[in-house]
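Trainee: I should be grateful for a close look at one part of this model, followed outwards into its surroundings. Where would you begin, and what may be read there?

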Amino acid sequence: MKMGVYTSALLSLMIMLSCVTIGSADGSELKDSQRAKNVILMIGDGMGISQETMARIEKAGWNLSRYADTRLYMDSMEHTGILRTFSANSFVTDSAPASTAMATGHKTNNGVIGQDATAIPGIRDGRNLTTILELAEKAGLSTGVVTTTRITHATPAAFYAHVDNRDNESKIAEQLLTSGVEVALGGGMSYFIGKNDTSPLGGKGKRTDDRNLIETATALGYTFVYNGTAFRGLDANSTERLLGIFENSHMEYELVRARSSDPDPSLAEMTEKAIYLLSKNPKGFFLMVEGGRIDHACHERSLENATMDTLAFDEAVGKALDFAMKNKDTLVIVTADHECGGLIIQPENLESYESGGIMPVFGSGTVEIKSPKCNFLVEMDEATHTGADVTIRATGPGASLVHGLMDNTQVFSLIKEALGL
């Protein structure tokens with residue numbers, strides 16, 4: 001009889017607890033039952049709606065009949081919204097303030113990482129902002145950053161570093177090793193090697209001093225790998241902290257990587273390995289994954305590289321979604337920091353759509369020249385970022401808060417609330 005009373009009381013308490021809510025990023029309520037144990041934030045650098053569209057076209061083999069049913073992995077996600085990308089001082093952001101907004105919930109100026117808008121790039125520090133990765137570390141979660149750019153580049157750096165100038169990659173590399181991050185994978189070996197030294201990959205160090213941060217990392221307990229063979233042969237079960245740096249600067253475009261005799265790990269492989277290592281923590285994890293070279297290809301107006309790197313990023317999304325499917329307490333968010341290139345998917349025949357073909361062009365990076373007789377555009381050598389909004393998708397606990405028009409600062413709030421930090 002007493003057992004029945006206790007059971008009834010316990011059941012009532014459980015019902016009451018299940019109704020506890022917290023305020024959400026958009027003012028709605030997030031129930032405790034919507035809390036996440038793990039969050040994987042995936043950022044396609046420079047990936048706008050047109051880049052996503054071209055990835056579907058490429059995946060369909062440029063065949064219109066197949067294209068109708070072609071979907072990316074990210075297209076399967078439950079909730080979709082539109083994300084605004086402007087920075088504190090510009091309609092057109094660069095990666096530093098855009099990623100800082102997602103990492104900290106605060107707008108800052110172009111060129112600034114992890115500091116507020118009182119910072120003047122390269123001149124004056126602002127107030128350091130607390131990142132979602134730092135909050136996760138403080139709460140005992142494991143954390144990771146994975147990218148195809150230098151690991152010290154703007155987007156990954158925004159989650160663990162605080163500098164008034166995104167180009168201060170020597171200092172950013174030092175801050176990576178003091179951040180507590182358990183897994184860091186990408187390029188950028190030159191900023192971990194002294195200025196007078198040669199890296200294991202044969203490149204010269206670009207640090208401003210003679211420090212060897214690889215030695216520092218191993219002393220801190222990191223397993224260090226720098227090629228695909230070592231990465232794939234890693235005993236993940238006995239690895240607690242992993243630093244993988246696979247190129248002196250950025251990692252290769254996917255088309256180049258895939259043709260190598262000993263290819264660097266793909267973004268999908270790095271994502272899968274990072275998830276495995278981080279998920280060993282029973283408290284959960286936060287992981288940021290960047291498809292960083294989409295942006296570089298768009299700057300170069302290389303449609304082939306931009307498209308293939310978008311597809312490689314989507315393969316990594318597929319790995320994250322596979323994990324989330326088996327682990328329902330995982331929130332996956334896929335978005336971009338900004339659009340790059342002003343990609344226009346225009347008809348092949350500019351006088352008639354009926355020809356069926358397309359002739360994509362990168363429209364940004366043009367200068368208007370006016371004269372008494374005509375107006376025309378001169379194309380600059382490099383395409384630029386644009387101020388266009390980008391998509392945001394989410395699946396898992398708390399994903400329902402992704403809808404409508406959102407600001408990039410809300411990504412921080414969403415993750416913070418989902419993890420209960």
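**From one buried residue to the central strands**

Mentor: We begin with I245, which belongs to strand 8, residues 242-245. Helices (H or I, at least four residues) and strands (E, at least two) are DSSP runs, numbered from the N terminus. The model is predicted, so local features need pLDDT of at least 70 and side-chain atom pairs count only at pLDDT 80 or more, while totals for chains, interfaces and linings use all residues. Residues are numbered from 1 along each chain as its sequence is written, and side-chain values use heavy atoms, with hydrogens and water left out.

I245 counts as buried because its relative accessibility is 0%; buried means under 20% relative accessible area, exposed over 50%, and partly exposed in between, with a 1.4 Å probe and protein chains only. Its surroundings may be described through contacts, meaning heavy atoms within 4.5 Å. When neighbours within four places in sequence are set aside, I245 is in contact with G186, G187, G188 and M189, with F192, L201 and I214, and with F224, V225 and Y226.

A second residue gives us a point of comparison. H153 is 92 residues away from I245 along the chain, and the C-alpha atoms of the two are separated by 13 Å. H153 sits in the loop between strand 5 (142-150) and helix 6 (154-157). With a relative accessibility of 14%, H153 counts as buried. Apart from residues up to four places away in sequence, H153 touches R166, E169, H250 and H296.

Let us now turn to the interior. A nonpolar core is a set of buried Ala, Val, Leu, Ile, Met, Phe, Trp, Tyr and Cys residues joined through side-chain atoms within 4.5 Å. The largest such core has 105 residues, and those with the most contacts inside it are I40, M42, V145, F159 and F286. Helix 13, residues 303-326, supplies the largest share of this core, with nine residues. In soluble globular proteins, nonpolar side chains tend to be buried together. F286 serves as an example: residues up to four places away in sequence not being counted, F286 touches V39, L41, I132, L133 and A136, then S142, T143, G144 and F159, and finally L278 and I415.

Next comes strand 3, residues 38-44, which is mostly covered, since seven of its seven residues are buried. In a regular strand the side chains alternate between the two faces of the sheet. In strand 3, N38, I40, M42 and G44 point one way, whereas V39, L41 and I43 point the other way, and all are buried. I40 and M42 have already appeared among the core residues with the most contacts.

Strand 3 also has partners, where two strands pair if DSSP finds at least two bridges between them. Strand 3 is paired in the parallel sense with strand 9, residues 285-291, over seven bridges. There M42 stands opposite V289. Strand 3 is likewise paired in the parallel sense with strand 10, over six bridges. In strand 10, the residue opposite M42 is V334.

V334 leads us onward to strand 17, where its bridge partner is R393. Strand 10 covers residues 330-335, and four bridges join it to strand 17, the two running antiparallel. On strand 17 there is a further connection: five bridges join strand 4, residues 79-84, to it, again antiparallel. Within that pairing, G81 of strand 4 has I392 as its bridge partner.

Strand 17 spans residues 390-395, and it is largely enclosed by the rest of the structure because six of its six residues are buried. V390, I392 and A394 point one way, T391, R393 and T395 point the other, and all are buried. The bridge partners already named therefore lie on opposite sides of strand 17, with I392 pointing one way and R393 the other.

A helix completes the view. In helix 2, residues 49-59, the buried residues are Q51, E52, T53, M54, A55, R56 and I57. Just after helix 2, G61 takes a positive phi of about 70°.
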